[in-house]
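Please load the model in a viewer and keep the selection panel at hand. The tour proceeds by selections, each followed by an account of what is found there.

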Amino acid sequence: MKRLLAFLTCGLSLSVAAQELPAQFNCPAGGAPVHEAGYVQIGGIPQWVTLDGADCRNPAVLFIHGGPGNALSPYASALYGDWERDFMLVQWDQRGAGMTFVKTRPAEGDKLTIELMTQDGLEVAAFVTRRLGQPRVILFGSSWGSVLGVHMALARPSLFSAYVGTAQLVSRIEDGRASYEQTLAAAKAAGDQKAMAIVRQVGPPPWTDPRSFGALRRVTRQYERARTEPPRAEWWKLAPLYAPHAAAFDEADDWSYLQAVGMKGDGMMEGIELPKLGTHFEMPVYLIQGTEDLVTPASVTRRYFERITAPRKELIMVPRTGHDPNPPMLAAQYRVLKKLAAKR
């Protein structure tokens, strides 16, 4: 798909920049397709934002990617391109990720914090509402992005028509402990001595070795692959616009990972405990959970869901699905978004 590069970078704050964009950037009354990719000044630095859809009047979905550091924009067309008929799809490469990392490499001593990235996300959401002339957007967070998404939804609910969480991370300790226990049980059931040794060496959280989560994740992927429908191979090929930056994306992943876990268990993710933020949402909440997810296990997600109060809420369990996207998960996500669009 041919993409129009609309570089929106300027030296002004987001609010001023959005007000001063040329009139042709506004969604016309009769609608129009939008395919744009570029930089918007967010939180004092240029951050990468893309907008894609057949009609700018369609509901906007703001994706909050996982990782942190694992930007979705290079893969968005392959994963979600068919959704552009019904939605305006907005990808944002977070601070320290993807094309934002390419443009603004973190300086020595820079740190990611949930508070800083929440404010970035709110600025992006506000930009999208002004850009498309829509009062609110659907907030769609996955894995790490589900933590950021909940912070955003609770901090400024007036920006969002719904919150959709996939592979919802609830508590660094609870999720980590359930992941450890369920993965060890799977390895024991399989008689997999090598996997058992790795998991036991990692141990349950809290973790003070930055390699711990990565070691456990390699084992969880092994068992998730055995129990789930695989993703399509073409999903994870870099789109041509992004291919020249593959090495930088790897650097971004590494830098953001260390920011997340810290060198001594002191990274920004270590204190995650979403119930402490409050469990009342002023918008509908949909949590979409793979039954075979060994990173954010269903037992923890369900307990969190039961505590949530919202105008509407639903927990959707997806069989043969783990932590990462696969066809059943994308089909479930699309059904939820269509349901939200019908209630618009």
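Which residues are buried in α6? The model is a predicted one, and in it the buried residues of this helix are Arg-172, Asp-175, Gly-176, Ala-178, Ser-179, Tyr-180, Thr-183, Leu-184, Ala-186 and Ala-187. An α-helix has 3.6 residues a turn, so residues three or four places apart point the same way.

**First selection: α6 and its surroundings**

Select residues 172-190, which make up α6. The helix has 19 residues and extends 27 Å from first to last C-alpha, close to the expected 27 Å at 1.5 Å a residue. Add α7 (193-202), α8 (212-227), α9 and α10 (298-307) to the display, since these are the helices against which the buried residues of α6 pack. Just after the helix, Gly-191 adopts a positive phi of about 65 degrees.

**Second selection: α9**

Proceed to residues 246-261, helix α9. Its 16 residues reach 23 Å between the terminal C-alpha atoms, close to the 22 Å expected at 1.5 Å a residue. Colour Ala-248, Phe-249, Ala-252, Ser-256, Gln-259, Ala-260 and Val-261, which are the buried residues of α9. Their cover includes α6 together with α3 (98-103). Just after α9, Gly-262 has a positive phi, here about 75 degrees.

**Third selection: β3 and its partners**

Select residues 45-53, the strand β3. Nine of its nine residues are buried. Ile-45, Gln-47, Val-49, Leu-51 and Gly-53 point one way from the strand, while Pro-46, Trp-48, Thr-50 and Asp-52 point the other way.

Now show β2 (34-42) as well. The two strands run antiparallel and are joined by nine bridges, with Val-34 bridged to Gly-53 of β3. They form a hairpin with two residues between them, and Gly-43 in the turn has a positive phi of about 60 degrees. Another partner of β3 is β5 (residues 88-92), which pairs with it in the antiparallel sense over four bridges; there Val-49 has Trp-92 as its bridge partner.

**Fourth selection: the disulfide**

Which cysteines does a disulfide join? Select Cys-27 and Cys-56, whose sulfur atoms lie 2.0 Å apart. A search of the whole structure finds one disulfide. The pair links distant parts of the chain, 29 residues apart: Cys-27 lies in the loop between α1 (14-20) and β2, and Cys-56 in the loop between β3 and β4 (60-64). The S-S torsion is about 80 degrees, so the disulfide is right-handed. Cys-27 is partly exposed at 22% relative accessibility, whereas Cys-56 is buried at 1%.

**Fifth selection: Asp-55**

Asp-55 also belongs to the loop between β3 and β4, and it is buried at 15% relative accessibility. Its side chain makes a polar contact of 2.6 Å with the side chain of Arg-57. Beyond its neighbours within four places in sequence, Asp-55 is in contact with Gly-31, Ala-32, Pro-33 and Met-88. A C-alpha to C-alpha distance from Asp-55 to His-35 should read 10.0 Å.

**Final selection: Asn-326**

Is Asn-326 buried or exposed? Its relative accessibility is 2%, so it counts as buried. Asn-326 sits in the loop between β9 (313-318) and α11 (327-342). Its side chain reaches the backbone oxygen of Arg-320 at 2.9 Å. Leaving aside residues up to four places away in sequence, Asn-326 touches Thr-228, Glu-229, Pro-230, Pro-231, Trp-235, Arg-320 and Thr-321.

Conventions: Residues numbered from 1 in each chain as written. Predicted model: local features only at pLDDT ≥ 70, side-chain atom pairs only at ≥ 80, totals over all residues. Heavy atoms only, no water. Expected span 1.5 Å × (residues − 1). Buried < 20%, exposed > 50% of the residue type's maximum accessible area, 1.4 Å probe, protein only. Contact = heavy atoms within 4.5 Å. Disulfide = S-S within 2.5 Å. Polar contact = N/O pair within 3.5 Å; in protein donor to acceptor, adjacent residues only side chain to side chain. Pairing = 2+ DSSP bridges.
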